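Visitor: Could you take me through one part of this structure in close detail? I would like to hear about an enclosed space and what surrounds it, and then about a helix pair.

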Amino acid sequence: MPPAIVVLGPGALATAQRVKALYEGAQIHALQERAHGDVAFGGLSDHLRELYRRGTPIVALCAAGIVIRCLAPLLASKGVEPPVLALAEDGSAVVPLLGGLTGVNVMAREIGAALQTAPAITTSGELRFGTCLLNPPEGYALASLAQGKRFVSDLLAGEATRIEGAAPWLDTVNLPRDPEARHAIRVSPHAWDGNPEHLVIHPRSVVAAASEAHALLAEHVREALSANGIAQEALAALVAPAARMGDAAFERAAHALDVPLRFAETGDSTLATDADAARAGNATALLDALALPASAPRQAAEHGLALCVAREPIDTHTLGAARGKLTVLGLGPGRADLLTPMARAALDEATDIVGYATYVEMAGPLHPGQVRHATDNREELQRARHAFELASAGRRVAVVSSGDPGVFAMAAAVLEALESSDEPRWHRVELAIVPGVSAALATAARVGAPLGHDFCMLSLSDNLKPWSVIEQRLRHAARADLVMAFYNPISRARPWQLDRALEIVREARAPGTRVVLGRDVGRPGETLRTTTLGELTSPEVDMRTMVIVGSSATRGFPRGGSGEEEWIYTPRWYAHDGGASG
Ligand code: SAH
């Protein structure tokens with residue numbers, strides 16, 4: 001995970017930029033109104049704690065004491081901690097604080113080298129051997145941390161060690177080696193036997209395959225591993241037939257085993273069958289369909305499973321295919337703090353961002369590896385199909401809309417594309433809709449609570465529905481005395497429709513009816529105006545405007561007792577006899 005580089009003022013930006021250049025995807029988090037970075041934050045403690053809780057590596061350009069004080073409340077419960085470093089603003093000191101087991105000293109060395117400063121490393125094993133033996137590289141897992149600590153103390157106390165198995169990352173490490181030593185570092189998928197003189201590191205080199213899933217699958221995989229003497233930490237992935245993509249039992253099993261779920265194509269040979277041996281045969285066929293290292297021995301195991309042990313750690317990204325993901329999300333009106341954390345998370349984990357160019361821009365900052373599919377065309381269905389093509393090829397796709405994706409936006413187009421498709425690959429994609437703050441809600445909040453009682457949302461665009469339907473709905477909504485929020489009120493291609501709509505509303509509602517106009521709400525250049533139904537004219541409105549027409553009960557009063565600005569709201573009670581005045 002790329003680090004968050006936290007700065008409190010402009011004096012730290014130059015050093016922050018140099019650190020940022022070291023890590024792909026790193027972002028500068030700057031204290032609001034003090035400095036300008038990729039991400040703005042308000043309070044330092046809350047922000048550092050949030051980053052820490054999410055496991056984000058932190059490089060804070062401020063006093064070590066400040067960082068310690070901010071994070072102290074979180075340190076009592078010792079889980080896996082992300083690397084946390086304090087850095088002097090001018091780059092003259094690099095102090096690793098937390099995350100010895102997640103690579104803080106490695107980062108301290110990297111940053112130190114870039115800033116030409118000796119990092120303040122204090123971990124004795126690191127100092128002696130130049131590496132943390134308990135932090136093996138990606139693709140390897142330590143069998144037991146407690147045992148690891150004891151092993152390192154033994155070496156520090158003068159014991160020598162031999163190395164069994166392939167540990168290429170230790171080749172350049174200055175360990176006290178002796179082929180005859182009683183102590184041994186063993187790199188093996190086989191489980192640790194409890195020998196206190198062994199440090200066991202498991203390569204993630206084992207793949208389990210199953211042709212059928214059921215509630216006991218995870219349990220059966222564990223049993224099969226243990227029956228073969230293999231440690232659970234050595235499991236790299238669970239493999240299922242591509243035709244089972246979307247099967248919740250497989251997903252639950254992979255989740256319980258804490259490994260990625262990958263899929264392989266095997267033609268017809270994986271048809272369900274009751275016989276264990278036949279199912280194991282199908283599972284073996286799945287392994288055969290994967291391009292695993294030629295030497296990997298494979299074995300049919302109990303419960304219709306097959307296991308495969310490769311000689312080296314397996315890069316699961318290259319193993320068969322992943323189930324693709326398509327998330328349709330709402331960006332809110334525009335400002336970053338009105339984007340929900342759930343939508344932010346979906347954006348961060350996406351490999352591809354699909355949407356209208358303005359909104360793809362609004363979704364930033366994106367990571368360098370993320371592919372933008374920004375289009376200017378307004379063909380929503382075409383965009384939705386493109387998103388399914390990407391997702392069904394295993395990508396994680398975010399389709400972005402402004403506001404809420406379900407309000408006159410992409411979510412319905414995506415579902416329409418899916419329903420009308422008989423492409424099974426599309427139906428296997430993991431689909432999710434993430435809500436957002438719609439323009440009517442954002443506008444309403446700025447002026448008070450005009451939507452405080454019953455209201456409706458209407459699009460005045462007749463691109464996809466006949467104008468006569470719009471007129472009829474307007475008439476009914478006006479007579480029902482609903483507050484109305486108009487989306488797409490006007491455009492160059494639809495110049496007269498708004499005037500006609502207002503004419504219809506005026507037939508049923510008094511000229512004094514409150515109207516709110518919000519333009520570019522939550523974006524730079526936001527404007528808000530309040531007026532009345534009688535005074536409103538269409539030149540005051542453009543396609544970036546939200547028009548809220550009040551009900552007979554909607555009212556206003558001066559803010560703070562003075563000035564021109566008003567609070568507008570629609571009371572929760574209803575005293576009127578039905579409200580319609582015309
Ligand atoms: N899905 C969006 C609406 C898309 S329709 C949402 O939930 O907000 C586009 C219309 O929404 C525009 O014509 C305008 O009427 C309104 N709109 C979108 N963003 C807006 C903003 N920031 N300020 C005011 N109106 C906005």
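Guide: Happy to; here is a walk around the cavity, followed by a look at two helices. Please keep in mind that this is a predicted model.

Let's begin with the cavity. Searching the whole structure for cavities of 30 Å³ or more turns up one, and the volume of the largest cavity is about 40 Å³. Around the largest cavity you will find Lys 325, Thr 327, Ala 346, Glu 349, Ala 350, Arg 396, Val 397 and Ala 398. Three elements each bring at least two residues to this lining: strand 16 (325-330), helix 10 (341-349) and strand 19 (396-401). Strand 19 contributes the most, with three residues. Sorted by class, the lining comprises four nonpolar residues, one polar residue and three charged residues.

Now for the helix pair. Helix 7 covers residues 217-227 and helix 8 covers residues 248-257; their axes come within 8 Å and cross at roughly 50°. An angle from 35 to 65 degrees falls between the roughly parallel and roughly perpendicular classes, so helix 7 and helix 8 count as oblique to each other. On the helix 7 side, the contact is made by Leu 217, Ala 218, Val 221 and Arg 222, while helix 8 offers Phe 250, Ala 253, Ala 256 and Leu 257. Seven of the residues in this contact are nonpolar, none is polar and one is charged. The charged one is Arg 222, in helix 7.

Note on methods:
Residues are numbered from 1 along each chain as its sequence is written. This is a predicted model: local features need pLDDT of at least 70, side-chain atom pairs count only at pLDDT 80 or more; totals for chains, interfaces and linings use all residues. Side-chain values use heavy atoms; hydrogens and water are left out. Axes are lines fitted to C-alpha atoms, for helices over the stretch in contact, and angles run from 0 to 180 degrees between N-to-C directions. Helices (H or I, at least four residues) and strands (E, at least two) are DSSP runs, numbered from the N terminus. Angles under 35 degrees count as roughly parallel, over 145 as roughly antiparallel, 65 to 115 as roughly perpendicular and the rest as oblique. Contact means heavy atoms within 4.5 Å. On a 1 Å grid over the protein atoms alone, a cavity is a set of points where a 1.4 Å probe fits but cannot get out, and a pocket is an open set with protein on both sides within 12 Å along at least five of seven lines; lining residues have an atom within 4 Å of a point. Grid points are joined across faces, edges and corners, and a volume is the space filled by probe spheres set on the points.
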